[in-house]
Amino acid sequence: MRKGTLLALATMLSLTIAAQRFTSYTELLDSILVSPGHYEPLPRATENWWRDSLPEDMRRSYILEGERMLGKSWSALPLSVFAEFKENGNRVNYEELCFDKRRQLAVLAMAEIAEGKGRFLNAVADGLQSLCEETWWGIPAHYKYKVPVAGEQTVDLFNAETANLVAWTTYMLRPLLDRRFPQLGKRIDQELQRRILTPARKNDYWWKTAGMNWNPWICSNWLACVLLAENDRQRQLEAVGQILRSMDTFVDSYKDDGGCDEGPGYWDRAGASLYECMNLLYQATGGHVDLRGNGKIKAMAAYIYKTYIGQGYVLNFADSHGNRNMQHPNIVYPFGHFMGDKTMKRFARYMADEKDLTHQAGRCYASEGNFPSLSRELFFLRQWGDLQQEHAEEPRLKNVWLGDLQIWACRPSGGRLYVAMKGGNNGESHNHNDVGQLLLYADGQPVLIDPGVGEYTSKTFSDQRYSIWTMQSDYHNLPLINGRSQRDGKQYGARMVRQQTDALTLDLAGAYPQEAAVRKWLRQVQVSRKGTVSITESYELDDYKAPTQLVFMTTREPVCGQGTIRIGDVQLCYDCRQLTADAEDISTRLDPLLRGMWGEKMYRIVLTVLSKERKGTIRYTVK
């Protein structure tokens, strides 16, 4: 038996004696995993629980969203739009059409479950049939051909996500669908086998050993399809064994602090998707695979509130598509409940109240992510009564230190400022060249920001990634040393990290290329008891080549004066004998996604160092 697998770890205590009877890992798995066709984790739509146990207003909200979808046609996805990614790099046009179609099905399925009268069943069946007729369920950015080919059923994120939606919709409504459309279920079974179950099991995809979101995101969807739709025992055991090994790789890739280097925006498809795998396995093995006591996974869960600023804002390092809290309580609460994390459960109740889920659950569900996760919503609703017993509380941690990821945050008692900084390296997943990046919020509102990332294009994950301005250190709150920006690569990272409760010091020199001629650049951010933030930049250069500049990004129009820069009601105070200040409006750089995050305006403040000396110290404050 491979003792490194999560299964072996989870069953070590409960099956120590029994495990001695088994000669192989597969034999052990065979003894505890539910048989094909017998996995029933949720009441089906024909059962009255969904009508009797949820508030009437909540049920009605799902039904109203479904009614908006009735009569809407099921459009084909044009080849010409799919081809745009290879032709001009645009991936958004196809994704919008693809995701909208899946949203339509997810909303209709939830409406039928909530109402239980068969009124939405025809539309659901039409949607399932339409999906079955698509050539491929993924997106062009993840496909090797210009247009989809029936014989190339690559398993990517959205091929798997679509399969999950189809599998759960069919599970919930199968008795009703079989009576009205007796051949549809058989067609769906064949499509799930062809599109995900067979290719995922037979191919050695790179994501199976990845330490980033693709691994658990796909595995959670694949596992659901295996448990719900695989009818062959040996294929089921082989697939679950592979999934366990993939989960193992993902967990091993994380450090003990549980930090997600992809940023909070990807947590729901990294750590949270790992939870979905754990929950499915816990149920499918009668509780034998139980990872609730794993300290690293507890830290992975807690990451989502450790990176929370307040008023919905999060630390949006890396490729974050949102600066506000992107998470839905339909994953935060079940994960928190599973791990027994009181802070997380109370945070989920706070989210639910803020979103007014009792009355607006349908609207929130319909607008969730790329398209709604039917399975997440169903598992969440089964715990609705438990959620109502929780005390709503916004997590406002005073101090955070994720030592492995090197993220520090401080919220001084009685102060209005919140400050955070990251170290790490420039080879992280979804990396931006941002070692030493500083963020500052006042009264819960952004002052010094991380722009995040705009709409994904063909450049985003290519060798042209760092030609995109949002990836460059020039557009983060960082120094341009001797006119040089940071360089991408794992070898470019922070050195001499010194963390205290009220301060963090990093040597940023290692994040810059040799051409920057920098021997040492110590950036220290310290918070006083009164809440003032002091920043000290101590540097040693091997040569002076060009004026060094300190860059800051903001969405509030800065007013530059002698020794002060006013950003809203916050002042950045500097020594005008050391620095000159200027600001530029870069709003024309914002694409629709960035404008949705920050509004119509963005500014870049530049403080230029006057001294040509190769050694110096610069101090400035924010208050």
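How far is the sulfur of Cys132 from the closest cysteine sulfur, and in which residue does that sulfur sit? In this predicted model, the gap comes to 12 Å, and the partner at the other end is Cys225. That is too far for a bond, given that a disulfide calls for two cysteine sulfur atoms within 2.5 Å. Cys132 is also tucked away from the surface: its relative accessible area is 3%, so it counts as buried.

Cys576 tells a similar story about bonding. Its closest cysteine sulfur belongs to Cys573, and the two sulfur atoms lie 11 Å apart, so a bond is again ruled out by distance. As for its surroundings, Cys576 has a relative accessibility of 35%, which makes it partly exposed. Put together with the rest of the structure, the disulfide count ends up at zero.

Salt bridges are another matter, with 45 of them in the structure. Three of these pairs are worth a look one by one, starting with Lys422 and Glu428. Their closest N and O atoms are 3.5 Å apart. Both ends of this bridge are out of the way: Lys422 is buried at 4% relative accessibility, and Glu428 is buried too, at 14%. The cut-off for that label is under 20%.

The bridge between Lys144 and Glu152 has a nitrogen-to-oxygen distance of 3.7 Å. Here the lysine counts as exposed, because Lys144 has a relative accessibility of 54% and the label applies over 50%. Glu152, on the other hand, is partly exposed at 22%.

A third bridge links Arg577 with Asp575, and in this pair the closest N and O atoms sit 3.0 Å from each other. Arg577 is out in the open, with a relative accessible area of 69% that marks it as exposed. Its partner Asp575 comes in at 21% and is partly exposed. Elsewhere, salt bridges go beyond simple pairs: Glu161, Asp268, Arg269, Glu276 and Arg376 are joined into one network through bridges that share partners.

So what does the tally look like for disulfides and for salt bridges? The disulfide count is zero, while the salt bridges number 45. For the two cysteines described here, distance is the reason no bond is assigned: Cys132 has its closest cysteine sulfur 12 Å away, and for Cys576 the figure is 11 Å.

Terms used
Residues numbered from 1 in each chain as written. Predicted model: local features only at pLDDT ≥ 70, side-chain atom pairs only at ≥ 80, totals over all residues. Heavy atoms only, no water. Buried < 20%, exposed > 50% of the residue type's maximum accessible area, 1.4 Å probe, protein only. Salt bridge = Lys/Arg side-chain N within 4 Å of Asp/Glu carboxyl O.
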